[in-house]
Amino acid sequence: MKIGDLVKQHGVSVDTIRFYEKQQLLTPNARSESGYRLYNSADSQRLSFILRAKSVGFSLQQIRELLQIEDNKSQWQCSDVKDKVQHKMAEIAMQISELQRFYQALEQLDQACCGGSISATECSILTALEQGQPVQAEHHLSKQECAKC
């Protein structure tokens with residue numbers, strides 16, 4: 001099959017397939033006399049593997065490592081694959097924790113600012129970011145005035 005067939009079958013772009021080729025994750029089975037890349041069912045299965053691994057968050061390097069195992073299954077153990085999954089889970093847990101910290105910090109900034117129509121020279125968010133200090137609620141407006149803004 002040609003690259004266009006692979007594109008249709010997997011719902012990706014030609015550029016995506018060429019990118020995976022440049023990254024040496026996917027290699028066309030052969031080339032036609034006119035130079036078209038030709039792929040077989042094993043190439044299609046490999047692309048499916050790559051796309052599934054990507055969809056659960058594996059990086060290109062991690063996918064490369066998984067493909068090495070996939071290509072040489074008899075030389076590896078299930079525990080090797082499980083270790084890679086658990087490592088990725090730990091990475092994601094750290095990212096979630098970091099995102100939660102970001103969210104909490106942004107929430108503090110949001111709660112400290114009335115968001116009214118006063119000049120940004122009085123904005124507690126900008127002040128906190130400029131000075132690197134904890135956010136202080138704005139005191140220039142009462143809660144009723146702030147609600148009207």
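**Exercise 1.** Is Ser34 buried or exposed?

*Solution.* The model is predicted, so local features need pLDDT of at least 70 and side-chain atom pairs count only at pLDDT 80 or more, while totals for chains, interfaces and linings use all residues. Residues are numbered from 1 along each chain as its sequence is written, and side-chain values use heavy atoms, with hydrogens and water left out. Begin with the place of Ser34, which is in the loop between β1 (30-31) and β2 (37-38); strands are DSSP runs of E of at least two residues and helices are runs of H or I of at least four, numbered from the N terminus. Next, apply the cut-offs: buried means under 20% relative accessible area, exposed over 50%, and partly exposed in between, with a 1.4 Å probe and protein chains only. With a relative accessible area of 57%, Ser34 is therefore exposed. Finally, the side chains of Ser34 and Ser32 are joined by a polar contact of 3.1 Å, a term for a pair of N or O atoms within 3.5 Å in which, within protein, one must be able to donate a hydrogen and the other to accept it, residues adjacent in sequence counting only if both atoms are side-chain atoms.

**Exercise 2.** Determine whether Gln62 counts as buried or exposed, and describe its surroundings.

*Solution.* Gln62 is found in helix α4. Its relative accessibility is 12%, so Gln62 counts as buried. A polar contact of 3.2 Å joins its side chain to that of Lys88. Leaving aside residues up to four places away in sequence, Gln62 touches Gly57, His87, Lys88 and Glu91, where contact means heavy atoms within 4.5 Å.

**Exercise 3.** Identify the residues with the most contacts inside the largest nonpolar core, and the elements that contribute to this core.

*Solution.* A nonpolar core is a set of buried Ala, Val, Leu, Ile, Met, Phe, Trp, Tyr and Cys residues joined through side-chain atoms within 4.5 Å. The largest such core has 16 residues, and Ile17, Leu26, Leu47, Ile50 and Ile63 have the most contacts inside it. Two or more residues are given to this core by each of α1 (3-10), α2 (14-22), α3 (41-55) and α4 (60-71). Taking Leu26 in turn, its contacts beyond four places in sequence include Leu6, Ile17, Leu47 and Ile50, and also Asp43 and Arg46. In soluble globular proteins, nonpolar side chains tend to be buried together.

**Exercise 4.** Describe the secondary structure of the chain and the order of its elements.

*Solution.* The chain has seven helices and two strands, and along the sequence these follow the pattern α-α-β-β-α-α-α-α-α.
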